[in-house]
Every structure is written in structure tokens, then in C-alpha cells.
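Here is a quick tour for anyone meeting this structure for the first time. Have a look at it below, and then we'll walk through a few spots together.

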Amino acid sequence: MNKQQLVAKIWESANQMRSKIEANEYKDYILGFIFYKYLSEQQIAFAKQQGMSDADIANLNEDDQETLKYIQKDLGYFISYDNLFSTWLAQGSDFDVSNVRDALSAFERLIHSNHKKLFDGIFNTLQTGLSKLGESAAKQTKAIRDLLQLIKEIPMDGKQDYDVLGFIYEYLIEKFAANAGKKAGEFYTPHEVSLLMSEIVAHHLKDHKEIKIYDPTSGSGSLLINIGNSLAKHIEGENNIKYYAQELKANTYNLTRMNLVMRGIIPENIVTRNGDTLEEDWPFFDENDPIGTYDPLYVDAVVSNPPYSQQWNPEHKDSDPRYARFGLAPKTKADYAFLLHDLYHLRPHGIMTIVLPHGVLFRGGEEGQIRKNLIENNHIDAIIGLPANIFFGTGIPTVILVLRQQRDNNDILIIDASKHFTKVGNNNKLQASDIKRISDTVIARENRPHYSQVVSKQTIRDNDYNLNIPRYVDSSEPAESWDLHATLLGGIPQGEIDALGEYWQALPALQQTLFRQKNAQYAELKINHDQLKQHITQHPQVQDFVQGFSDALNGFDQLLVTQLISNGQDVNLKQQEEALSRELFKRLQPIALIDKYHAYQLLNNQWQIINNDLEILQTEGFAASKQVDPNLVNKKVKGKDTEVQDGWCGHVLPFELVQVTHLKEELQALSDKQNRVAEISAEVEAILEGLSEEDKERDSIKENGDGFINAAVIKEAKLFKSEVKQKGVFKEDSYEASILKVDKLISEEKALKKAIKTDSEALHLNTKATIESLSDEQVNKLLELKWITPLLTELSQLPTAIINDLTRKLQNLADKYATTYADIDNTIKTTEQSLATMLDELTGNEYDQQGLAELKNLLTGQGET
């Protein structure tokens, strides 16, 4: 189930339950049951790995203490067969809400002592909320049964390329914004921001063999999960990352634990704590065993998105080692308190990323002093300004601060990425190319015009430790200016031509072909405006540019075929996109003008499709490519939304692609019939429009409310046919002849529509049969057409887009100064003279003539001044 299908299912279920529970509480139920299903399936999978049969699993219960303890020791919990999620489903109408209460109670009782911290109370939110699902046990049972039917189809094998729980959580918060409240956004970091932070951290730690990471305000756990995914691209082996998480709110803390467990992280690598990060620092030891458990928490990476500018209590914290070196944040804004907490827990080589409001860069007072201390002690490595309105629930601008305990350089990289985003609904969203552009800039510490600047410590001192981004990076678009000389006397300012310098640097001969110098400051086009595009596209240097791009991609198609199709079953999905992006960047690096990040975005867009398909083929086998599935849709059946089958759809291969490739003749024949139906409609309309106004008023040709020809046409046509037999043929342009033509067309249309329906059904079934009988070679060719051809097509269009952009800019520049003030003045004078001459031809009474004379004087400049 992909994201779109998942969203549709969840929204349908949420709507059905609106009358039972508060919309923003719905997430607690669905997430809790999803996690319980996951645990049930994990136990079944483990049991089968140990050689248990279905019959053995059906006998799992608390009386079998030996098996119970064996499963408990490995998984950390035990679920009796009667309490498994699949058993609830199998019970059908015998299922009751009491089954859930008993199961959750038993789960809590049967947690292994070594995993008590991980699982203890994890279902509290779900358990205490069951009574809200209805006034009676029967209504509660019905509500839960509906939820179980939805959840049984949600994927949770950990192989999805997205965080299932986090995705559902974010989706529900967004949909239920009015009820969830603005603070809902405090504990969910958008996936794209989380991914950006993860990429920065992962690169820093890529050479480490074992890693500890910590999120002190973990929320849904998405930040930790994404870092794990990013690190997996660099680290060989599994179970080398240990996750530490702390969260204040109990229900969100439960979500963190669920999420980490569901991503397949072994319990020994999950350490979580429900507590106030600022008031109660991570303890150095377990109170039950202070000596044996003494272990101060110092980690390789800290990531956090704490609540913004919340109040806290700084009293009696002067001696707190987290704050003693740098100072205490003001009680009205805890932003720097969270930052210093994160920094304190870093190992000497460690790195941290934290999301905070933009104000932390320039606010004064205690915050200004802390900022100065951090700068002077060389901890701030980079500042990344994010687009506004990127977090749900708040539109305030935010920044990511990257800090390190120890670093070799003493400058600060400042990035203004606020202009790089795509609009999605009411929010702004970072694209994959935006994330890569930022992370690449951080890694390379590059100066990029209007985007990033490496700023020396002395420069920051000179600015009184104010880190406000616009002081160092100007990302604003230059305001359009008008050259007075060129406006009055013509020509194109050389400065405005030079502003297109990136084009002239790549295509110097083109500039010489297009422009001639009028003088040192002004130039003019050598060619007519309307020939500009032709001269540009046909210029040898431009054609060389296009050919150079084509040469750079030569062989890329075969590489993609080899990596993704020939070796598709074995390719490492977590590492493959990164490898392909490196290859694409390497090929395009020498090509001027091409935005490599735009090309990367095209690759990433297509990779989403490729990755989903490869995931299916790797997990289900290559035979899945020849599989078709029932196409299930929701329809009203007896007044209720019911899922019914509406034909078939390819499990991997789209029907449309198979038809275009293997069933061209049948598809073309069907298309011809459909085109003929459209032609008939046009012909009927033309005939009726050609009738006289008198004939148009006849009832037989008036259109009904749906725009169809009145049935009286057919009835009248029968009468006319009878007259033809008696009197002979009607005149070509007569009303009767027109009605007979329309009748004939309507009959043809009716027959065609019947044939189209029959042919469509036959083509659909033929497509199903074709997919199921494809050879492996045919499948591979179709996969190439689905995965690789669209990407190469889009990439090949990049040079054309650049040349078109240059043409547009030059055309605008030429048009801007094509008409001088003198030209406009002459046009006005000519028009005035023409109007004055026309006035001489007008007649009227004495007063009219006086008025006309005065108007003429004004037009000819002879009036009083």
C-alpha cells in the first residue's frame, strides 16, 4: 500500500468515526492498534522461524511457561494466541471490546523484565481511551471492529521508504488542525526537515563503526528514525546504532517507543525516558542500581526540534553543568536552554542539529551573551535559514543550527535556503533537490552567490555577534531598473547584458553574434527581434552545448538498465539512489549552465516509482511483475460505502503501458472509435447550427437540460423516412434532410458506443492475460519503459529549457528598450495632429465651434500656457 492509498483508507475511517470520538484523538487509537498488530505479527514470524507450525502457534498460551519465557526473552513480550491481532479478526462477530481490554492487560503483565522500560505503559493511551468509542460495550466493539478492518491492510514490515507511523501522525494532525490546536506541530518534525538534519549528521559520522544518537524532545521519533536510515547508507552491518530518546508528554513518548520498535531496531538499542528534559537531565545511573548502572550520557549526535520559545524555570540552575559555561536562557524563552542541553551531551567529536525560531540569531540580553560565548568558544558550525511556513501549526521562520564540540575551523557557514521550496497546500515544503543543495553546501562549506557565505569570526564580532542571516547573505531578487539614457535615446545598457554573464561565459561567441557596440556603455541587437530565437537555437556554440549535454549522458541509460533491471533483485535500495546521484553529478559537472540539482530532482522523482517497484520485486519475487490485482474502489451499495472490484490493475506494470507496447492495434482501433464519437458530436452540432432561425425554434431540435438532442428528432426522422419512400429524396439543404442526417449520425453514435464498451472490456481482459503471460525479457523491457525512459526524456529537455530561458530574457531586454521616449513623443504628436485635422471636419453651433477650436489649440500646442 503506497502513501496515497494509505491516506485514502485513513481518511475514510476517520470520517466514519467522527461521531464517536474527537477528531484529534483518532490518531491515538489508530496508532495504538497499528503497533499492536505489528507486535502480533512479529511474534508469529519469530515463532515460525523457530520451526513452529500454525497448530503450534494456535496453542500459544500462558500455561506453556517454557515457550512463553523463550519468546519473552527474545522479543521482550509474549502474546497468547487468543490475544493476537489476527485472532481478533478471525473471531468476526464474536469479537468484543473485552478482548482488547484483556489483551492489553495481559501484554503489560507479560513484559520481560529486561524490556520493562521499553514496553511498560506503551498502550496506556489506547487502554484508557476505549470507553470513549461508544456509550455501550456494543458500540465500542463496533467502532473497534471497523478500525481493525482498516488496520489489517496497513503495511508495517519496516520495508517502506517512509515512516508509516510518523506519516499517519502528520497527516492526521494536518487534517484535524482545528481540533488538534497549533501546538500539535511541536512534536512532529516534517519529514523533509528531519531528512535534511539526518543527512548532515550522517555525513559527519559516516566513518564510525558504532554510533549513539539522542533526541531530547523526541515527539514521534521521526528524527531518530531518519538519522538511522541516512546512516545506513554508510555503515556496513546492522544493529550498530543505539537510540536514546526523551519526551515529556506521555502519549507522544509512547509514540516514540512504538515508532522505534516498528522500524526493526532491536530492543537493546532503544533507550527511552518519559521526563522533562530541562528540569531532569538524563540520569547518570538507574536509581535502583546507582553503582552498577553509572553511565553518563555522551553521544555522537544529538538532534532535536524542541517547542519554540516556551517558558522554563532557570532558578537554581547556575551550577547545572549544562549551562554553567555559557549562561542561563531567559525564563520566557527556553530555546538556548535546549540548545545547551544538546551540546552538553556531545562527545568531543560529536555533532548536533537543532531547529529553533529565527530570533535566536539576533535577540539580545541573556541570549545575546550565550550566543557570544558559543561563537567565541567555536561551537557554531553552520546556520541554515529555512523557508517560512514549513512547520505545521506555525508560520514563523525557523533555522537549523549545526554545532560541534570540537572543530578545526573557526568561521561559520551561513545558508539562506528560505527561497528554495515548493508550495504544497497551505505549507511550504523542501524538495529532495533543496535538501541535497543544503547538505552539499554544508559538507563543502562553499560560498554560493545569494545562497551561502562562510563568515569569519572577526566579521561576526564586528556585527556585535548578531547572526541575522540577511547581514551576511543577500538572497533577495534585484529590483528591476530602467536606464534613463537607453529609455530616451535607445540602445541596450551593457550592464544589463553583462547581468546574463553566466550565459556569456558558457557561450561567448553567441554574445558577439547577437550584439554590436554603440559605444562603451550601450549595445544594440544585430538582428531583428522576431529572428532572435532562430539565431540562438541555430548558433554553432549553442548546438555544441546541446550536443555536449547529450554526450555527457551517453551510456547513462545502459548503466541504469544494468543497475536497476539486470541487477535489480540484489541492489541495495538504501544506497542505490545515492550512487546514481553521484554518477549523474559526475557526468554533468563539466556542463555549464545545467542546474545539477534540478537534474537530481528529476532523478529523485523517478526514483520514488523505481524504489516502490524494486521493493515489491525483491520481497515478493520477480513473478510479482506478472501479477494483476483486483482494482478495488468504493461505491455506494444499499446506501453504504462498500469496497467492490472494478476490473483489474497491474501489481507492478500499468495496464496503459502494456497496451501501448503490446496491444497497439487493439488500442488504436478503440481510439479510432472514440475519435469518431467525438466527430459525430461536432457534425451534429454543425448541422443544427446551420439551420434557419425558424427551424431552430422547432421543438424537435431544442436541447434538453443535459445538452442532448431531444428524442423528438428521432421520432420526426421516422416520419421523414416514410415520406422519402412516398415522395422521393428531400432537397440537400432542407430541414427534413438535416434531420435525417442527424438521425443517421445518432444511430452511428449509438452503435459505436456499444462497440466501444465491448472493445474496452475485451482490451482490459486481454491486457490482464498479456501481463500474466509476459516473458522475463518482455517484463524487463516494460520496466525500462516505466522507470528509465521517462527520466532520460526529462533530462534530455534540460538544455532546451535553458536556451528557451535565455531567449526569453533577451527578448524581454530587447523589448524593454525597443521604443524610446522620442518614439513615444513622435507617436503622440502625430496622433494629436491627426485628431486636430479630424476636428476641422466637424460641424456644430457657435458654442460647439468655440469648444472645438480650444481643443484643437490644445492638441497643436497653441493654447494658453
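## Starting at L118

Let's begin with L118, which counts as buried because its relative accessibility is just 5%, and the cut-off for buried is under 20%. Keep in mind that this is a predicted model. L118 sits in helix α7.

What does L118 touch, once residues up to four places away in sequence are set aside? The answer is R257, V261, P267 and I270. There's also a long jump along the chain here: L118 and E268 are 150 residues apart in sequence, yet their C-alpha atoms are 9.2 Å apart in space.

## A crossover between two strands

Some of those partners take us to another part of the chain. Strand β2 (residues 241-247) and strand β3 (residues 270-274) run parallel, and five bridges join them. Pick out Y244, for instance, and you'll find that its bridge partner in β3 is V271. To get from β2 to β3 the chain passes through helix α14 (residues 250-262), making a β-α-β crossover that is right-handed.

## The two sides of helix α4

Now over to helix α4, residues 65-75. Its buried residues are T67, L68, I71, Q72 and L75. Why do they end up on the same side of α4? They cover an arc of only 130° around the axis, and that puts them together on one side. As background, an α-helix has 3.6 residues a turn, so residues three or four places apart point the same way.

Turn to the other side of α4 and you'll meet E66, K69 and K73, which are exposed. The buried residues, meanwhile, have a cover that includes α2 and α7 (116-119). Just after α4 comes G76, with a positive phi of about 95°.

## S40 in helix α2

Helix α2 (residues 26-49) is where you'll find S40. Is S40 buried or exposed? S40 is buried, because its relative accessible area is 1%. Leaving out residues up to four places away in sequence, S40 touches I79, L84 and F85.

## Two helices that cross

Next, look at helix α6 (residues 97-109) and helix α9 (residues 137-151). Their axes come within 8 Å and cross at roughly 75°, so α6 and α9 are roughly perpendicular to each other. Which residues make the contact? On the α6 side they are V97, V100 and R101, and on the α9 side A137, Q140, T141 and I144.

## A small stop at an open sheet

Further along the chain, three strands form an open sheet with antiparallel pairing, in the order β12-β14-β13. The edges belong to β12 (492-493) and β13 (515-517); each has a single partner strand, so one side of each is left without a neighbour in the sheet.

Zoom in on β12 and strand β14 (residues 522-525): they run antiparallel and are joined by two bridges. One detail to click on is I492, whose bridge partner in β14 is A523.

## Ending at K768

The last stop is K768, in helix α32 (residues 735-772). K768 counts as buried because its relative accessibility is 17%, and buried means under 20%. Which residues is K768 in contact with, leaving aside its neighbours within four places in sequence? They are V628, W648 and F655.

Notes. Residues numbered from 1 in each chain as written. Predicted model: local features only at pLDDT ≥ 70, side-chain atom pairs only at ≥ 80, totals over all residues. Heavy atoms only, no water. Pairing = 2+ DSSP bridges. Helix = DSSP H or I, 4+ residues; strand = E, 2+ residues; numbered from the N terminus. Right-handed = clockwise from strand over helix to strand, strands pointing away. Buried < 20%, exposed > 50% of the residue type's maximum accessible area, 1.4 Å probe, protein only. Contact = heavy atoms within 4.5 Å. Arc of directions from axis to C-beta. Axes fitted to C-alpha atoms, helices over the stretch in contact; angles between N-to-C directions. Parallel < 35°, antiparallel > 145°, perpendicular 65-115°, else oblique.
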